[in-house]
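Biologist: Could you walk me through this model while we both look at it? I have a handful of questions ready.

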Protein chains: 2
Amino acid sequence: MSQTVDRALSILPLLAQGPADLGQVADRLGVHKSTALRLLRTLHEHGLVYRQQDQRYRLGARLFALAQEAVENLDVREIAHPHLAALNERTGHTVHLAVHEDGEVLYIDKVESRYPVRMYSRIGKPVAITVAAVAKLLLADLPEPERRALAAKLDYPRYTPRSTPDAAAFLQELATVREQGWATDLGGHEESINCVAAPIRGADGRVVAAMSVSAPNVVVTAEELLALLPLVRRTAEAISHDYSGTTPPKETEETPA
Amino acid sequence: MSQTVDRALSILPLLAQGPADLGQVADRLGVHKSTALRLLRTLHEHGLVYRQQDQRYRLGARLFALAQEAVENLDVREIAHPHLAALNERTGHTVHLAVHEDGEVLYIDKVESRYPVRMYSRIGKPVAITVAAVAKLLLADLPEPERRALAAKLDYPRYTPRSTPDAAAFLQELATVREQGWATDLGGHEESINCVAAPIRGADGRVVAAMSVSAPNVVVTAEELLALLPLVRRTAEAISHDYSGTTPPKETEETPA
DNA sequence: TCGGCCGTTGCGCACTCTGCAACGTCCATT
DNA sequence: AATGGACGTTGCAGAGTGCGCAACGGCCGA
């Protein structure tokens, strides 16, 4: 691994917390000011950081553009979107699409609820991986050793009394989810918000994405939301079908890791 | 400028065009495969690139997260959003918020039209800088030398017959915009889409952002859209007021050990 | 079975990055 | 108005680090 690049890239999450001046960056990186300056200059030339009038640095414009182009290259998203929109049209609730990547699960698309009370989330924001319904689906599909390894590495924050408490409970939950082919989050992240989710599979049967419908208690009860499960599953299957269909005959996949 | 970091960062826009394998990356960078590999590994460890099952690289998840955190740190956005939503509520049209940064203008917020026919745009996407109404406002406020330098550097694509043809016309337009304090784009980017825009100013009077209302011909005529100008300007002024008010003259930041 | 393609590894050389120290500037303080 | 300090910037010499080369190994198609 390249030390120089490593240091430069470490600046980005640092600046994500808010603007910082040269000295602060150098301190937090543990390098000399002149070094930090050179790195920041390079990042600047690539548009990844921006220098404000007060000379402090913050994350730059090209970062948005890159993230944007990146998300547009995800073909699952393209294919799923009309289905998500239709489901939102029909139910009125917030619909999410999420993928798994290197131990993180993040939303890559979202259709907002029609109701005034909405849940907070953002495309690109990593989800609460130990409780979110979509996360359970995505992780439940991992090969068993990976699943165990990941579960062991995770933190298990107690967002609510119903949050997954530890790795054992999580693995148990994943097994259940894997078995039944759908997942829920009933107040595990925020007390008053429930979700039901279903997996989207590629041609080889592996889970490539997951979608969910979320709604707060004040709009519909958990039971009413669960009644939507068949609809959610059908939607996910429709997306899976579209996705497998339009994806050209994939090169052979090595199943055993 | 750091060579290593420079090379590493050059990989990102390259991957933004689509996934690529190691050889392609090395070729396009003009370096040896082993070098490209090391750079990609470093980028990977920071989550900026992701390696798919077919071993090809594409942009990674953390990029989204970073862009997300970045946009949330823009306080103009925070302050402007309710106003934009209100304007959308009242007019039904698409409302945009944009800022200028290092010769690029990009949308940082958007409220979607209520009408079924919508214009295509995305938060984070750089706008057509030579024709967009918000771009004119932001660039018109630059000091004259910078304005000239930037105008000279730009390309002037002929999106439509009404697109700004060259630097001279652009500078002329900027002068007009600067004078009148608002801007329009009448079919300059896409034949059937019109915009009206107004500037948002900081406490020192400089333009820090610009907002616009856009609608296609099929929904409202250009005249009808122009009739919204006073409303748009009032909204922009309200945001400017909020922004100047809530931004303290200077904030001091302490560094916790 | 063989050949080619691609990703990966170890290594020695030298290029490039590093930290230091000194300078210029701006601002707050006396 | 003068002084001190904080901060960003620059040039430099040393060495640490990234560079390309060459060889290996796995995979796939011939």
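Modeller: Happy to! A residue is near a strand here if one of its heavy atoms lies within 4 Å of it. Please keep in mind that this is a predicted model.

Biologist: Thanks! Which residues come nearest to DNA strand C?

Modeller: There are 19 residues around DNA strand C, and both chains supply some of those that come nearest. Sugar and phosphate account for 74% of the strand's atoms that come within 4 Å of the protein. The nearest residues are Thr35(A), Arg38(A), Gln3(B), Thr4(B) and Arg41(B).

Biologist: Which side chain has an N or O atom 3.2 Å from a base nitrogen of DNA strand C?

Modeller: Let's set the phosphate contacts aside to get there. Thr35(A) has a polar side-chain atom 2.6 Å from a phosphate oxygen of the strand, and Gly23(B) has a polar backbone atom 3.2 Å from a phosphate oxygen. The side chain that lies 3.2 Å from a base nitrogen belongs to Lys33(B).

Biologist: Nice. Which element gives the most to the surface near DNA strand C?

Modeller: The elements giving two or more residues are α1 (3-16) and α3 (33-45) of chain A, along with α1 (3-16), α2 (22-29) and α3 (33-45) of chain B. By class, that surface has three nonpolar, 10 polar and six charged residues. With four residues, the element that gives the most is α3(B).

Biologist: Let's move to chain A itself. At what angle do α7 and α8 of chain A pack?

Modeller: Helix α7 covers residues 144-153 and helix α8 covers residues 167-180, with their axes 9 Å apart. On the α7(A) side, Arg147(A), Arg148(A) and Ala151(A) meet Ala167(A), Phe170(A), Leu171(A), Leu174(A) and Arg178(A) of α8(A). That contact has five nonpolar, no polar and three charged residues. The crossing is right-handed, and the packing angle is about 140°.

Biologist: And why do chains A and B have the relation of a two-fold axis?

Modeller: Two copies of a chain are related by a rotation about an axis and a shift along it. Here a rotation of 179° with 0.0 Å of shift superposes chain A on chain B, at an RMSD of 0.1 Å. That is why the relation is that of a two-fold axis.

Biologist: Last one: which residue of chain A comes closest to the rotation axis?

Modeller: The same surface serves both copies, as 93% of the contact residues of chain A recur in chain B. Taking C-alpha atoms, the closest residue of chain A is 2.5 Å from the axis, and that residue is Val5(A).

Key
Residues numbered from 1 in each chain as written. Chains lettered and ligands numbered in written order. Predicted model: local features only at pLDDT ≥ 70, side-chain atom pairs only at ≥ 80, totals over all residues. Heavy atoms only, no water. Polar contact = N/O pair within 3.5 Å; in protein donor to acceptor, adjacent residues only side chain to side chain. Nonpolar A, V, L, I, M, F, W, Y, C, P; charged D, E, K, R; others polar. Axes fitted to C-alpha atoms, helices over the stretch in contact; angles between N-to-C directions. Left-handed = near helix turned anticlockwise from the far one by under 90°. Contact = heavy atoms within 4.5 Å. Least-squares fit on C-alpha atoms with pLDDT ≥ 70 in both.
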